[in-house]
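Please walk through this model with an eye on its charged side chains. Start from one residue and work outward.

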Amino acid sequence: AVRPASGNAVLEAVIKEMGEEVRRGGQLLEPLRRSGLLPPLAAAVLASGEETGSFHTMLQRVADMYDEEVERQLQRLVALIEPAIILILGLAVGIILVSIFNPIFSLYQRF
């Protein structure tokens with residue numbers, strides 16, 4: 001039931017392999033670790049949770065870790081984009097002002 005919900009053929013194959021590994025008595029995360037889909041830090045934290053019986057807690061901790069990382073990356077991106085947006089808007093306002101005042105000044109030059 002979980003495999004089709006992923007929408008990713010590679011992930012579906014890994015989930016299938018995880019089920020087979022658990023049926024054989026192996027570790028849940030071993031196929032995921034071998035696939036390379038899981039970053040090493042997340043794999044280590046989840047392996048610790050699997051061994052201690054607190055998998056759910058460790059899974060939540062990994063999710064929180066990556067949520068914070070995404071938030072930091074977004075803040076960096078906004079900090080980089082913000083000056084560019086200000087510059088573009090300044091140029092747009094400058095072009096509009098020049099296009100408004102240019103005909104006015106050309107009228108004064110005729111008289």
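Which residues does E21 touch, not counting those up to four places away in sequence? The model is a predicted one, and in it E21 touches G26, Q27, P31 and R34. E21 itself lies in helix α2. Is E21 buried or exposed? Its relative accessible area is 13%, so E21 counts as buried, the cut-off being under 20%.

Next, the partner of E21. The side chain of E21 makes a polar contact with the side chain of R24, at 2.7 Å. The pair also qualifies as a salt bridge, with 2.7 Å between the closest N and O atoms. Side chains of opposite charge can pair when their charged atoms come close. What about the surroundings of R24? R24 has a relative accessible area of 57% and is exposed. The salt bridge between R24 and E21 thus joins an exposed arginine to a buried glutamate.

How many salt bridges does a search of the whole structure find? The search finds 3. One of them is the R24 and E21 pair.

Another involves R34, which is already familiar as a residue that E21 touches. The side chain of R34 meets that of E17 in a salt bridge, at 2.6 Å from N to O. Why does this pair tie together separate parts? E17 lies in helix α2, residues 9-23, while R34 lies in helix α3, residues 30-35, so the bridge links parts that are 17 residues apart in sequence. Neither end is hidden from view in the accessibility values. E17 is partly exposed at 30% relative accessibility. R34 is partly exposed too, at 47%.

Helix α2 therefore holds two of the glutamates discussed here: E17 and E21. R34 is a salt-bridge partner for E17 and a contact of E21.

Now move along the chain to helix α5, which covers residues 55-110. Here the side chains of E69 and R72 meet in a salt bridge, at 2.7 Å from N to O. How far apart are E69 and R72 in helix α5? They are 3 residues apart, so about one helical turn separates them. E69 counts as partly exposed, with 27% relative accessibility. R72 is partly exposed as well, with a relative accessible area of 39%.

Seen together, the pairs are E17 with R34, E21 with R24, and E69 with R72. The first ties helix α2 to helix α3. The last lies within helix α5.

How values were computed: Residues numbered from 1 in each chain as written. Predicted model: local features only at pLDDT ≥ 70, side-chain atom pairs only at ≥ 80, totals over all residues. Heavy atoms only, no water. Salt bridge = Lys/Arg side-chain N within 4 Å of Asp/Glu carboxyl O. Helix = DSSP H or I, 4+ residues; strand = E, 2+ residues; numbered from the N terminus. Buried < 20%, exposed > 50% of the residue type's maximum accessible area, 1.4 Å probe, protein only. Polar contact = N/O pair within 3.5 Å; in protein donor to acceptor, adjacent residues only side chain to side chain. Contact = heavy atoms within 4.5 Å.
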